[in-house]
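Trainee: Could you walk me through the strands in this one? I'd like to know what the labels really rest on.

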Amino acid sequence: MSAEIVPDTTGIEPVPGAAKPDPVLTVTDVRKSFGGVIAVDVERLEVQRGSITAMIGPNGAGKTTLFNVLTGFERANHGTWSFDGRPIHELSAHRVARLGMVRTFQLTRALARMSVLDNMRLAATGQRGERFWSALTRSRWQAQETEVTERARELLDRVDLADKADDYAGTLSGGQRKLLELARALMVDPQLVMLDEPTAGVNPVLVESLLGHITALRDEGRTVVFVEHDMDVVQTISDWVVVLAEGAVIAEGRHGDCIANPAVIDAYLGTRFAERERAASGDGRSGDPT
Ligand SMILES: Nc1ncnc2c1ncn2[C@@H]1O[C@H](COP(=O)(O)OP(=O)(O)O)[C@@H](O)[C@H]1O
Ligand SMILES: [Mg+2]
């Protein structure tokens, strides 16, 4: 087994907006509203380079919107943010991706009708932008194509989907789709990967495998931010936890800091525990989806 490279978080104060020793992403005063609803209102957030940061919080807290805004898929009303020391708040999504910061996307219906391999190839072109591709000469275009296909196959092999390359993506199981989404994000060799609920709807065996892949990303020097509802998963793989509620960061710290924080219990964990109890007594929704 390879040695785990766990970033040292002992010197970091567990407070909202805490400064990190070597932040790869810094966010200042970001606000996003939809009509009258303020979805995101983050005063300050720093993400430590080379760490796995879990983002938790109730439904509607603004986690997905924050991901979309930071990666350029949605425009903020206000705010600035930098990736690797460079302001990126005015850049389009594909330029942000080319700099090395990507988020995963759920397999859409259109993508489900394409092969797994074509999904991977499209992830490379989609992130590069049309102009890049139309500027290539035919021979350079073919060289790029070959390179892209090779990388796609390597990554499919890495997430154990190599034998599915020619299948329609729509035939994959829930867990395999999540692996494909992860592999798609890796096509641009990103430095920072943002995963929105990577384990949702995934059976326990594939969750193990997904967590292994996420940890491997950190161990090869990448930074991971992921949204997660399962606190056992959060405890197992995250170095740092950020708690969002009503659009704002209400707490930050190691797992232990956050679960002991009354504000977090109030805003989030209390309801999660109540949901679990209900499920356990057979009153709520049934257990794990497969
Ligand atoms: N496209 C949209 N149009 C209108 N309201 C939205 C849109 N996307 C998100 N919202 C609202 O913004 C808030 C935050 O949503 P979201 O970012 O999806 O939260 P989370 O991912 O934490 O569950 C919610 O109140 C949600 O209803
Ligand atoms: Mg969400």
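Mentor: Sure. Two strands count as paired if DSSP finds at least two bridges between them. Keep in mind that this is a predicted model.

Trainee: So what makes β3 and β9 a pair?

Mentor: The cut-off is at least two bridges, and strand β3 (residues 52-56) has four with β9, in the parallel sense. Therefore they pair. One partnership to look up is Ile56 with Val243 in β9.

Trainee: How do you know that β9 pairs with β10?

Mentor: Five bridges join β9 to strand β10 (residues 248-253), and the definition asks for at least two, so they pair as well. These two run antiparallel. Among the partners in β10, Ala248 goes with Ala245, and Ala251 goes with Val243.

Trainee: What links β9 and β10 along the chain?

Mentor: A hairpin, with two residues between the strands. Glu246 sits in that turn and has a positive phi of about 50°.

Trainee: Why is β10 called an edge strand?

Mentor: The open sheet has six strands in the order β6-β7-β8-β3-β9-β10, with mixed pairing. β10 and β6 (101-103) are the edge strands because each pairs on one side only.

Trainee: And what makes β9 mostly covered?

Mentor: A residue is buried if 20 or more other C-beta atoms lie within 10 Å of its own. In β9 (residues 240-245), five of the six residues are buried, so the strand is mostly covered.

Trainee: Which helix lies across β9?

Mentor: Helix α11 (residues 262-280) lies across β3, β9 and β10, and runs at about 125° to β10.

Key: Residues numbered from 1 in each chain as written. Chains lettered and ligands numbered in written order. Predicted model: local features only at pLDDT ≥ 70, side-chain atom pairs only at ≥ 80, totals over all residues. Buried ≥ 20, exposed ≤ 12 C-beta atoms within 10 Å, placed from the backbone. Contact = placed C-beta atoms within 7 Å. Axes fitted to C-alpha atoms, helices over the stretch in contact; angles between N-to-C directions.
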